[in-house]
Each structure stands twice: as structure tokens, then as C-alpha cells.
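Hi,

Here is the two-chain model I promised you. Have a look at it first, and then read on for what turned up when I went through it.

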Amino acid sequence: MLETVLIHPLFGLGLTVTAYLAAAALWVRFGRPAIGHPVLAATLLVIAVLVVSGLPYDVFYSQAAILHQALGGVIVLLAVPLCRQARLIRDAWAPLGMTLVVGSAVAISTALALPLAAGADSALLATLAPKSATAAVAVEIAQGQGGAIGMTAVIVISTGIFGAVFGPSILGAAGVRDPRAVGFALGLASHAIGTARAFQISEITGSFASLGMILNAILTIALVPLFLSLLGS
Amino acid sequence: MLPSFAILVALVIFGDAFAATIGWPVPGPALGLAVLTSAFAWKGRPHPDFERLFDLAAPWFPLFFVPAAVGVVAHLALLSAAWLHVAVAIFLGTALVLVITGQLAQVLLALTDKRKSDA
């Protein structure tokens, strides 16, 4: 009976949604502490169930893949907040453009600094460099530059979770209060997961996060090959 | 709301197909986003059905990342060879990017706001 439940094609979907609802309820109950953000708590809860039940990750993933595939639709839906906030965005293009160039360069440099100092090989540099870009784009860049794409995907998602969980507190501690700046930083540094978090703060924060994510993805495509070729020469 | 859902799915599918055909590094949904944004801009505002769909989904956006996040833990062994470099890049690197980007954006936005209100 339990076996039949575990291998049901909808089990992973049900488990993920239930874990997320439980995590979200606990998060609200405990006053929304950063470390308790449901994306982290639900993930740990699902992992606990997989470990206890012995359900392999690949089987779980195939049962929950619809959620992952729905992300494409979520990205397309960002047209709604971007259009609603069009006036605010239009007024901010110059400051955001400048911030984008600096932020994107800082994202790549901080990923490369330690491996460079330690004399790591070029494959590791290519694997790490696109870490703040959204997963699909980062994997594409890493592949083009000879990085390890499985590792890039893990690093990119971890970066997103870190930004989503701790980003708002880090920005608060650094004195960043303007919702447009908070959003732009969350999206630029921690792509779609940071953007999802930003929409929980406010629609303005979320819209500027969408912008930060999109613009940084585009600029990272151009900057990573440039940085790596400069370093290689 | 169902027609807008169908259009959304179609935009993802054709975006992916188009991106794969021309071999761009840009993901398909980004193309769908560009098409839908252009359509809304043309009309002057987002279609109410899409607005309802967005407002319904927005508070739950982080849920969609859970299967991939579980995968990170399943594939942690991939990081073992370079775990220190990876940890520094993720924790220290991302924190620095957040602070520098947030501060710079805040200062520059305040300057722009001031110039606008002075004008």
C-alpha cells in the first residue's frame, strides 16, 4: 500500500505542495524569520521524506516535474507586473543601467576571485562565472566556455536560495530601503528565486527584481566570455 | 481565465521551440515574456485575465523552485571537488553583489528622483 502511494505519478507533486504549505504556515507562525523561508524549509522537508521512504530523487523529480516546467509560464507571466510598473521602470532606466553594469561585473568577479587567487583550472572558472544568471542561461554560458554544467546548475540554484533566504536581511542590514533598489539587487544577484522572494515583499520589489534578473542574464552572456578571455591571455 | 492559460502554455512551447531552432542562449520563456510584454504595451495595459492569473500565482512563486532545490541536495557530491571555492562564491560573493548593487541602485535612484522633483 505504502509502496503504491510512493510510486504514484502524482506523489511528488502532492508531497511538494503539502511540504510547501506546511513550511509556509510555520514560517508565518514564527514571525517570518529569514532562515525559515518556506523554499528552504519545504526543500528540507521533502528531502527528509525521500530519505526516510527511500524514494529515489529521479523518481520524485519525474512526479513533481510539472512544477518545474510551470516555471516557464511564471516567467512569461512577469509581463503583467512589468507592464503595471512600466512608469516607475521608465523613470529609473538610467540609474538601473549603471547599476546593472557594475553589479554584473561584481557578480562575475566575486565568483572568480578565490579560484583565480588559488590558481584553479579554467574549467572551474567557467563553471562558477555565470552563477548569478538564471539557471537556463548560466548552464548555456558554462557549456560554451567549457565548464561543468551539472555543477553550474547546482551552484546557480544554491545562489538563488541563498539570495531568497538571506537577501532581504542582508539588504536591510546594509541600509538599502528603496523597494526598487531592494528588488533590483535581489533579481540581479539571485535571479528567479530571488525574484520569487521579492514578489512576497511587494509588487514593486518583484517587478524591479524581474528587471534585474532579465538584464543580468543578458549582460552575463556577453561578460563571461569577455572576462574569461581576458584572464586566459 | 482558461484562454489566457492556454496562451501562456503556447508562448512557453513556441518560445522554447524558436530558441532551440535558432540556437540562441536565451531561454524560450524569455522570448514568450518579450512577446506578451509587447502585446500589453501595444494595448496600453495587461489583459485582465492574465492579471488574475499572475495575482493568483505570485504569492506561491517560490513553490515552483522546490523540485530543483531538492535536486541540489541530491547532487551535492558534484561540488565536493571544489567545495571551498563554491561556498565562498555563493555566500560571500552573493552577499557582496547584493550590498553593492542595492546601495548603488539606491543612491542613483535617489539622485534621479531629486533631479526629477527639482525640474
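A quick word on terms before the tour: helices here are DSSP runs of at least four residues, strands are runs of at least two, and both are numbered from the N terminus. Please also keep in mind that this is a predicted model.

Let's start with chain B. By that count, chain B has five helices and zero strands, so its pattern along the sequence reads α-α-α-α-α. Its radius of gyration is 20 Å, whereas the globule rule gives 14 Å for 119 residues, so chain B is more spread out than a compact globule. The C-alpha trace spans about 50 × 50 × 30 Å along its principal axes. Of the 119 residues in chain B, 40% are buried. The domain assignment splits chain B into domain 1 (1-69) and domain 2 (75-119), and the C-alpha centres of these two domains are 26 Å apart.

Now for chain A. Chain A is also built from helices, with twelve of them and zero strands. Is it spread out or compact? A compact globule of 233 residues would have a radius of gyration near 17 Å, and the 19 Å of chain A agrees with that. Its C-alpha trace spans about 60 × 45 × 30 Å along the principal axes, and buried residues make up 55% of the chain. Among contacts in chain A with a separation of 6 or more, 62% link residues 24 or more positions apart.

Chain A is divided too, into domain 1 (2-77) and domain 2 (80-232), with C-alpha centres 25 Å apart. Six residues of domain 1 touch eight residues of domain 2. On the domain 1 side of that contact, five residues are nonpolar, one is polar and none is charged.

How do the two chains meet? The contact takes 67 residues from chain B and 87 residues from chain A. On the chain B side, helices H1 (2-22), H2 (28-43), H3 (48-57), H4 (66-74) and H5 (83-118) each supply at least two residues. H5 of chain B gives the most to that side, with 25 residues. By residue type, the chain B side divides into 51 nonpolar, 13 polar and three charged.

One residue to click on is B:Thr101, which lies in helix H5 of chain B. B:Thr101 has 30 other C-beta atoms within 10 Å, so it counts as buried. Beyond its sequence neighbours within four places, B:Thr101 is in contact with A:Thr99, A:Gly103, A:Phe184, A:Ala185, A:Leu188 and A:Ala189. For scale along chain B, B:Thr101 and B:Leu76 are 25 residues apart in sequence and 29 Å apart in space, C-alpha to C-alpha.

Last, the nonpolar core. The largest one has 116 residues, and the members that touch the most others are A:Leu77, A:Ala79, A:Ala185 and B:Val66. Helix H10 (residues 149-173) of chain A gives the most to this core, with 13 residues. A:Ala79 is worth a look as well: leaving aside neighbours within four places in sequence, it is in contact with B:Leu33, B:Leu36, B:Thr37, B:Phe40 and B:Pro46. A:Ala185 appears twice in this tour, as a contact of B:Thr101 and among the core members with the most neighbours in the core.

Cheers

Methods:
Residues numbered from 1 in each chain as written. Chains lettered and ligands numbered in written order. Predicted model: local features only at pLDDT ≥ 70, side-chain atom pairs only at ≥ 80, totals over all residues. Core = buried A, V, L, I, M, F, W, Y, C linked by C-beta atoms within 7 Å. Buried ≥ 20, exposed ≤ 12 C-beta atoms within 10 Å, placed from the backbone. Contact = placed C-beta atoms within 7 Å. Rg over C-alpha atoms; globule rule 2.2 N^0.38 Å. Domains from an automatic or database assignment. Nonpolar A, V, L, I, M, F, W, Y, C, P; charged D, E, K, R; others polar.
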